Amino acid sequence: MQDYTNFIDGARLAPTTGQYLETENPYTTKTWARIARSGPEDVDRAVAAAKAAFTTGAWSRLTAPQRGALLRRFAELIVENAEELARIEVTDNGKPLSEMLPQVKKIADWLIYYAGLADKIAGATLATDKPGFMAHTLKEPLGIIAMITPWNSPLMLLTWKLAPALAAGNVAVVKPSEYTSVSALRYAELASEAGFPPGVINVVTGLGQEVGTALTAHPDVAKVAFTGGGAGGRAVYRAASDRLVPVTLELGGKSPNIVFEDADIDMAIKGIVSGIFASGGQSCVAGSRALIQRPLLDKMLPRMAQLAGKIRLGDPMSPETDIGPVATRPQFERIQQCIAWAKEDGATLLCGGAPVPDPAGGPALFVAPTIFTDVRSNMRIAQEEVFGPVLSVIPFDTEEEALEIANDTPFGLGAGIWTRDLRRAMVLSRGIKAGTVWVNAYKGVSQTAPFGGFKESGIGREGGAAMIDAYLQTKTVWLNL
Ligand code: NAD
């Protein structure tokens, strides 16, 4: 078993605390590595290294095209090492390799996209109302960005922050999830191999309550980019507001898939089933509510149950596996709690609804793909994010009712609309309070398109050309001619 230290100022560095946390493989349930349990002094060191890189180090002297070139070289190394990185993530979070490998390879697209924007950052010459003056704007990086990430798609969600931040000239201190820290350490080493100078990307591992809070409160951190749950997001927002620094928050969801009578039903069934059960539901945009127009219920429900029953649970490294084990024991217990709520509140169990043994006889924690019908919007199962393979089917009659139910949660991350009626697709996509709406599709994301949440699903967006501005500030310069 290997001990993984922090990555600070271009080198591995043992934590000042001398302490380590065990990290478990959810499939074998065995500890496979130990990561540094860092403390505030380690955060201070990482921030000091980042500050030196930003203010006086080699990074501060690079031109924008040079930053772009480094991001492109990093993208190449990610592709060359994708298998190793994906296997680390699978070992840590139990998601299937068939999902994590393409996800890791896709990171290169994000790096290349923002590499291409690095040398297109530009201020403007302004018209003025003051005779004898001219004015122009400069776009400047913010400085040290704290990047705090969850366990479900560790490197992808880190890259969503890192690629635009570095393209804009910032530096990073990364706090990965305590459940999945190893891949970020390897990623930072690869960045260093690609030529990023020491201190540009630092990784400090440990607990949210220890490292995450110290980093968020650090006086030299200029912005916090956070992906995770609502409790952590609120804590980060409070700490950032005390210091008046900006945040990007990518939080949870309770996203609806809405199917109308005129839809292509085959396509809708596949979209709904993969929308919730891919990744075992451990995805922020899992389509965890299926809003189905009432006359379709008899036709769709048996087929949805049949498709859910064909999903193969097992060893996440095997190409035969669709869903691996639940990533952590607390998450497994949370899913059981949500299933119990659905039963108590009177929902009808269509399929699943219980833990299932590991098909290979191992100790891993699996949950069968679960569908509840007769769900009403005010039930806890229709309101709470489960982050597991549990779908709630809510019937509706009219378009107005569908819209009302779709918006009837505190979240607003994604939504799917299944219809052949263009007018209806347009009306609903305008009416739905969510950051992304898919019509006759579900869950596609891209570096070219902004992604993020309305309401309690977050603040700000990641992805798309305009989002480089989230890592820049504007300075106006007046010249008295
Ligand atoms: P989490 O909030 O428990 O942890 C996320 C990260 O925040 C971890 O690194 C953790 O150590 C850190 N953290 C926790 N408390 C903190 C605090 N007080 N201060 C600073 N850092 C703190 O989330 P999780 O369980 O790892 O991830 C699951 C959640 O993430 C789900 O709610 C899911 O919907 C959400 N998520 C959102 C998106 C998105 O893009 N909107 C993507 C993936 C996951």
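Let's start with the domains. The domain assignment splits the protein chain into domain 1, residues 2–251 plus 457–477, and domain 2, residues 256–439. Keep in mind that this is a predicted model. The centres of the two domains, taken over C-alpha atoms, are 31 Å apart.

How many residues of each domain are in contact with the other? In domain 1 there are 18, and they touch 23 residues of domain 2. Look at the domain 1 side of that contact. Two elements give two or more residues to it: α4, residues 82–93, and α5. Helix α5 has the largest share, with three residues. By class, this side has seven nonpolar, seven polar and four charged residues.

Now the ligand. Where does it lie with respect to the domains? Domain 1 and domain 2 both give residues to the shell around the ligand, so the ligand lies between them. The shell holds 31 residues. The closest are Gly208, Gly212, Gly228, Gly232 and Cys284. Helices come in here too. Both α8, residues 208–217, and α9, residues 230–243, supply at least two shell residues each. The largest share is from α8, with five residues. And the make-up of the shell? It has 11 nonpolar, 16 polar and four charged residues.

Next, the interior. In soluble globular proteins, nonpolar side chains tend to be buried together. Here, the largest nonpolar core has 86 residues. Those with the most contacts inside it include Ala50, Leu71, Leu111 and Tyr114. Which helix gives the most to this core? That is α5, residues 97–118, with 11 residues. Take leucine 71 as an example. Beyond its neighbours within four places in sequence, leucine 71 is in contact with Leu111, Tyr114, Ala115, Ala118, Ala163, Leu166 and Ala167. Another core lies apart from this one, with 62 residues. Among them are Ala263, Ala364, Phe366 and Leu391.

On to the strands. Strands of a sheet pair through backbone hydrogen bonds, either parallel or antiparallel. Begin at the N-terminal end of the chain. Strand β1, residues 2–4, runs parallel to β5, residues 30–36, and three bridges join them. In that pair, aspartate 3 stands opposite arginine 34. Strand β4, residues 20–25, is antiparallel to β5, with six bridges. There, leucine 21 faces isoleucine 35. A hairpin is formed by β4 and β5, with four residues between them. In its turn, threonine 29 has a positive phi of about 60°.

A second sheet is open and has three strands, in the order β6-β7-β23, with antiparallel pairing. Why is one side of β6 and of β23 left without a neighbour in the sheet? Both β6, residues 125–126, and β23, residues 472–480, stand at the edges with a single partner strand each, so one side of each stays free of a neighbour in the sheet. Nine bridges link β7 to β23. One facing pair is proline 141 and leucine 472 in β23.

Last stop: lysine 139. This residue is in strand β7, residues 133–141. Buried, exposed or in between? Lysine 139 has 17 C-beta neighbours inside 10 Å, so it counts as partly exposed. Its contacts, leaving aside neighbours within four places in sequence, are Ile121, Ala122, Gly123, Leu472 and Thr474. Asparagine 170 is 31 residues from lysine 139 along the chain, and their C-alpha atoms are separated by 12 Å.

Methods: Residues are numbered from 1 along each chain as its sequence is written. This is a predicted model: local features need pLDDT of at least 70, side-chain atom pairs count only at pLDDT 80 or more; totals for chains, interfaces and linings use all residues. A residue is near a molecule or strand if its C-beta atom, placed from the backbone, lies within 6 Å of it. Ala, Val, Leu, Ile, Met, Phe, Trp, Tyr, Cys and Pro count as nonpolar, Asp, Glu, Lys and Arg as charged, and the others, Gly among them, as polar. Domain bounds come from an automatic or database domain assignment. A residue is buried if 20 or more other C-beta atoms lie within 10 Å of its own, exposed if 12 or fewer, and partly exposed in between; C-beta atoms are placed from the backbone. Two residues are in contact if their C-beta atoms, placed from the backbone, lie within 7 Å. Two strands pair if DSSP finds at least two bridges between them. A nonpolar core is a set of buried Ala, Val, Leu, Ile, Met, Phe, Trp, Tyr and Cys residues joined through C-beta atoms within 7 Å.
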